[in-house]
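Visitor: Please take a close look at one part of this model for me. I would like the residue-level detail and then the setting around it.

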Number of protein chains: 4
Amino acid sequence: MEKKGILERLAQGPVVGDGSMCFILERRGYVRPMLWTPEAVLEHPEAVLQLHREYVRAGADVIQTASYSANEERLSYLNSDNVEVAHLTSNINEAACSLARKAAEDNNCLICAGLSPSPEYRENADEVAARNQFRKQAQIFVEQNVDLLLAEFFGQIRELEICAEELKKHNKPVAVSMRLGLHGDTNGVSVEECAIRMAKTGADIIGTNCCFDINTSLKIMEKIKTALDEEGLSPYLMCQPLGFHCPDAESCPMGYTELPEYPFGLEPRSMTRMEVHKFARAAFDLGVRYIGGCCGFEPHHIRAIAQELNKERGKSPPVEKIAPAFGKGASKSAVGGERASREYWYNLTTATGRPYSPALSKPFVRSDEKRFL
Amino acid sequence: MEKKGILERLAQGPVVGDGSMCFILERRGYVRPMLWTPEAVLEHPEAVLQLHREYVRAGADVIQTASYSANEERLSYLNSDNVEVAHLTSNINEAACSLARKAAEDNNCLICAGLSPSPEYRENADEVAARNQFRKQAQIFVEQNVDLLLAEFFGQIRELEICAEELKKHNKPVAVSMRLGLHGDTNGVSVEECAIRMAKTGADIIGTNCCFDINTSLKIMEKIKTALDEEGLSPYLMCQPLGFHCPDAESCPMGYTELPEYPFGLEPRSMTRMEVHKFARAAFDLGVRYIGGCCGFEPHHIRAIAQELNKERGKSPPVEKIAPAFGKGASKSAVGGERASREYWYNLTTATGRPYSPALSKPFVRSDEKRFL
Amino acid sequence: MEKKGILERLAQGPVVGDGSMCFILERRGYVRPMLWTPEAVLEHPEAVLQLHREYVRAGADVIQTASYSANEERLSYLNSDNVEVAHLTSNINEAACSLARKAAEDNNCLICAGLSPSPEYRENADEVAARNQFRKQAQIFVEQNVDLLLAEFFGQIRELEICAEELKKHNKPVAVSMRLGLHGDTNGVSVEECAIRMAKTGADIIGTNCCFDINTSLKIMEKIKTALDEEGLSPYLMCQPLGFHCPDAESCPMGYTELPEYPFGLEPRSMTRMEVHKFARAAFDLGVRYIGGCCGFEPHHIRAIAQELNKERGKSPPVEKIAPAFGKGASKSAVGGERASREYWYNLTTATGRPYSPALSKPFVRSDEKRFL
Amino acid sequence: MEKKGILERLAQGPVVGDGSMCFILERRGYVRPMLWTPEAVLEHPEAVLQLHREYVRAGADVIQTASYSANEERLSYLNSDNVEVAHLTSNINEAACSLARKAAEDNNCLICAGLSPSPEYRENADEVAARNQFRKQAQIFVEQNVDLLLAEFFGQIRELEICAEELKKHNKPVAVSMRLGLHGDTNGVSVEECAIRMAKTGADIIGTNCCFDINTSLKIMEKIKTALDEEGLSPYLMCQPLGFHCPDAESCPMGYTELPEYPFGLEPRSMTRMEVHKFARAAFDLGVRYIGGCCGFEPHHIRAIAQELNKERGKSPPVEKIAPAFGKGASKSAVGGERASREYWYNLTTATGRPYSPALSKPFVRSDEKRFL
């Protein structure tokens, strides 16, 4: 049986992305905190493969390669930190593709290779160097025959345009995604202009990922949709937000990384799966068709996206057999069995358990928003 | 090299236990929510093994078998729920031992087999049936040559005494542990009396686990310590609390299971690793020598226990190489690198990110504590 | 028409006390913060009279003299603080009676004179000096022909017994009231023992006031009721709690004064009138018959007590004419008119408006309760 | 001695306004909740006078007449509500002036008469009727020889312009003030345009009042200042915000009245005086020179404004003698005396005391801001 491609799938109904790799592998002990380099694909392949498989089991249709930060500059820190064995960037990217491909077999999934912004562009606005980096990465991913090329986590629309140009040279579906909060891109280009320029790159899929929470991301997606509609543009929309609630970072150019809790104090902000159900429904209703998660999204969160959309997708995730949504089917005699209903969880306001904690933090000074008191 | 036994290790310094199995495997897609049966040891052994290995990597000295709920009654639900393949209880327990043993090899760890309360005793106070169940389980575990027998999660001191009698018949170290909040055992036997009776079973190690958070558990351990001191008893002390903050359940006989958020809305209550550092220090200062976690404790939480006690233990966990505590050593150029210090995280009050959530919930009516308003 | 006395009124149904004097007059600019001395009765009599009248208008049946801290020692601070004009203690107490009497005329109210603990007893356990102070104060109040003598705010049951002995020498109804949280009196005498000893003084009315919030105070009143019932004692019960929520002070011997917010940061803890409705109902259901408030209770809070008990009292407060409970009768065309119902307010969970504030504070070290983390 | 006028005072330094009348008199029992009509000036003049005097004592330089809602339409509700005695609008306005004047004598204060929006304009955009109403009210106030005419609480800039035209016909200083949140006026006219049009009315003082909290109001004042600077306009600036924290109403056209807690559940949102100190400082630093409060500001809040600016004003409020800021001078032996410092209160994060309450509410549907989850 030939696998359906991403565009065919999107034409038929909503597609479920996967969740966080770096953040979750850091907690499991396989990724360096703050550096987030993916040498685990070579050093602990079984741990990476296991996480991929959990996303497949949770219902993801697309598995992203564990290649975040897999560029020369970030990997060079490994040497500077006196790490014994450093790895070739190409080896890491190839191994990442191989592990994603292996996991994807379990449920006929597609694999997607992600490219991130170039340090050279960020620091020197060096378009030539950036283009070079994107070209090389794309080449590896095309050789590895991935199903989708994704430029994601871009903070500057100009750099994303350069990357998209390189990706469009190959005969592959292309997606582009920015980290966008209320402020627009990090140079203050408005969300609406970013939306139109993303669409005009010719990418098949455009959207947002990381740095902002589900509520902010939905607001941004609505702005994007409106802007595209006004221009008569209609790429597929994707949304892969943070798995942490951070309304306090909504106006920060760098999103949640400006919060004092980043990266080791974010647990209280983790979403419940019921909140993800609501997100998935709201995103679908807005017209988003590629729905997944970024940092902080765990397998049970991806499961919540998939199960919320069981009907629209005409299928349920592999885990459904033992864990239908909301604990449905749990024996009445089991502890908590009486809570096994959608209604119970939808109407519950979960407490934080933290009477000594405030609800919000004051972001570091880079926030756009002034608070006087 | 001969492995040192648990008692030798405890004599030398603090021992680190492992974390949650059921809760974490449920999120990963391998355990039935609310039922918590461990058939994954047969159906998805690689997923169970991976989680064991993460605890080893995080610094656990002892790996517990994934055998919670592995008794006839709980497993029988699998049939009643029309599950295709049911498993023999003995097969599950044997597989659980085998996976724990495999993971333990990585870092010279011990394996511990856990026995839980008997449904027959809970429902009919049937001492004969309960004793029978404990005898059979103990037999399997002894045949599997585990390093430690642990009767844990007991709510009634009388039942625990029966179990301890059976365990003491074998030539193995024995630990006994109750779920104890402010109310004492579920029949209202005081914490102090439970402490003394646990010690008088002759168990080498006594303590508490599950159902209550780190703060409540420390209060209870202090009561236990005081009661034992007054009686001149001095077993080793163990503490393996919940990984969720639940001060609102402190006076509930069934602990956090009486909160409306149990089991799918607990994420906001998850601990940060810095809170676990403080717990480990406070537990050690109280004289607790076996320190681990129960439901909700993830690998990075166990890492926090181990790293807090690096000096006292004279060693650091395997993960230390890439992830020293507090992000220490992270390149200054990495995002967040300036936060890589113990002082920063100790002094941070983390926000919840949830301005629409209250801090506490009202437990279901079984709570001992009356609230008028 | 002869006024009915307090005991006749209590025999007929619930009696409504008044609210805070010191705290509210401090906010209005007439009482020294932290010192709380009542020289305003001489220096700004119109301000004191106005506040008394507001309580009458709100439905109070009894007006307490503004004589808190009106003893030699506290007043002596005025000199030490280089205050120009100091006043004779007797002048202050007489003026306080006179103002209360004037306000009481408006609605046929009774006046109650309060005696507080003796500094000499607190510092030196000097029973003779304390008895002397109580005798002199009682003498003035009896000469002023007050309707009720009240020994209140006592932290030590022994001192209260001495005071009660002096009060019982006069032919007046006597009430005695302690500030009691979970810890019992400040020497650790249990709530139950305090209850029985208060009743055995022969006081007509016994109860609690100040330092603890409505929820804690109700818990304590329930303990008191149970203890009295077991002893076959049946004085009238009174409860005049704090107007601030402070669950975090429940186990502190000195109650809310141990919180870091005392006394200038307590506003967020102020009760809504709907919470007072619930308090009044719960207190009445427990058998409390004298229901009022202490520090932080404002006129609209006293109104809430009175209006909740309109039916039981067979009358409504003077303010009812323009302000029935819950805004009932407000024109629909008025802003907010649609919210003019009991049901609306009973079911509302009010937000704090403070996303940067935690719910609880850590009391100063005197708290009985240990928190580890 | 001739009193200095408002413009002379503003030229010399910051001027302190007074606080809430309606809200506070409602709590005291003299104003109808939700209707907010000021018939108390005739029925309970001593209560109104007392509150005025408290503001004088707290340091207010200007006392506003208790004439909110004193227009024909609002007063007509009194009849429709079957109130026995209705009053002539002119009688109410005259009595309001008389009481303010009496209180102002105590400390050489000015009196300010406020005009509010016209119901006819709101409902039918009837410019003629509105102008008529403003003309008649202004006439009364001029006859009463008030020191300042203030058009305040306007939601529509066009209506304010009409009112200002009428006020400018008299030889009196004129101030105009709108209730402005992030959305601009209720027709969506931007804050910046409102600022410029307010200044172009020729008013001596322009600014904002009511409906939004101190933080939002400061943000708006900053926008106003910037807009005026760019146009080269320089009227004096005034700011009289709400006394309740309501960040959740920041984007609501009607501000805090759209919150479910309005008007009976707002207590938890009340400011502490320390927060007002910070507000006064920030407002002064922004260039605001007329600083007071609106609904929810109590006498101790006005005291905080005055005391924060003691140095800039070259004087302290009458209450200073017994209550300097931060409890300074409180005897060390007094309870809490050790907290008598500015530093203590500035660094304190006050808790809410409400572990069962969330921080924010969801405003009614009129909010401009979309929240998805």
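**A buried arginine and its interface**

Guide: Start with Arg303(B). Leaving out residues up to four places away in sequence, Arg303(B) touches Glu26(A), Arg27(A) and Gly29(A) of chain A, and Ala58(B), Arg273(B), Val319(B) and Ala323(B) of chain B. Keep in mind that this is a predicted model. Arg303(B) sits in helix H13 of chain B, residues 299–308. Is Arg303(B) buried or exposed? Its relative accessible area is 3%, so Arg303(B) is buried, the cut-off being under 20%.

Now the interface of chain B and chain A. The contact takes 78 residues from chain B and 78 residues from chain A. Together the two chains bury about 6,600 Å². Carbon and sulfur atoms account for 53% of that area.

The charged and polar pairs come next. Six salt bridges are counted between chain B and chain A. One salt bridge joins Glu275(B) to Arg354(A), with the closest N and O atoms 2.8 Å apart. Polar contacts link 37 residue pairs across this interface, both residues at pLDDT 80 or more.

Which elements supply the side of chain B that touches chain A? Helices H2 (22–28), H4, H5 (72–80), H12 (273–286), H13 and H15 (342–346) of chain B each supply at least two residues. H4(B) gives the most, with six residues. By class, this side of chain B has 35 nonpolar, 23 polar and 20 charged residues.

H4(B) deserves a residue of its own. Val56(B) lies in helix H4, residues 45–58 of chain B. Val56(B) counts as buried because its relative accessibility is 1%. Beyond its neighbours within four places in sequence, Val56(B) is in contact with Ile63(B), Ala103(B), Asp106(B), Asn107(B), Cys109(B) and Pro318(B). Sequence distance and space tell separate stories here. Val56(B) and Ala306(B) are 250 residues apart in sequence, yet 11 Å apart in space, C-alpha to C-alpha.

Next, the symmetry. A turn of 180 degrees with a shift of 0.0 Å along the axis lays chain B on chain A, at an RMSD of 0.0 Å. That is the relation of a two-fold axis. Pro268(B) comes closest to the rotation axis among the residues of chain B, its C-alpha lying at 2.1 Å. The same surface serves both copies, as 100% of the contact residues of chain B recur in chain A.

Then the other pair, chain D and chain C. Here 78 residues of chain D contact 78 residues of chain C. The buried area is about 6,700 Å², with 53% from carbon and sulfur atoms. Six salt bridges are counted between chain D and chain C. In one of them, the side chains of Arg303(D) and Glu26(C) meet at 3.0 Å, N to O. The polar contacts across this interface number 37 residue pairs, both at pLDDT 80 or more. H2 (22–28), H4 (45–58), H5 (72–80), H12 (273–286), H13 (299–308) and H15 (342–346) are the helices of chain D that give two or more residues to the side touching chain C. H4(D) gives the most, with six residues. That side of chain D divides into 35 nonpolar, 23 polar and 20 charged residues.

A rotation of 180 degrees, with 0.0 Å of shift along its axis, superposes chain D on chain C at an RMSD of 0.0 Å. Of the residues of chain D, Pro268(D) comes closest to that axis, at 2.1 Å for its C-alpha. The copies meet through the same surface, because 100% of the interface residues of chain D are also interface residues in chain C.

Key
Residues numbered from 1 in each chain as written. Chains lettered and ligands numbered in written order. Predicted model: local features only at pLDDT ≥ 70, side-chain atom pairs only at ≥ 80, totals over all residues. Heavy atoms only, no water. Contact = heavy atoms within 4.5 Å. Buried area = accessible area lost by both parts, 1.4 Å probe. Salt bridge = Lys/Arg side-chain N within 4 Å of Asp/Glu carboxyl O. Polar contact = N/O pair within 3.5 Å; in protein donor to acceptor, adjacent residues only side chain to side chain. Helix = DSSP H or I, 4+ residues; strand = E, 2+ residues; numbered from the N terminus. Nonpolar A, V, L, I, M, F, W, Y, C, P; charged D, E, K, R; others polar. Least-squares fit on C-alpha atoms with pLDDT ≥ 70 in both. Buried < 20%, exposed > 50% of the residue type's maximum accessible area, 1.4 Å probe, protein only.
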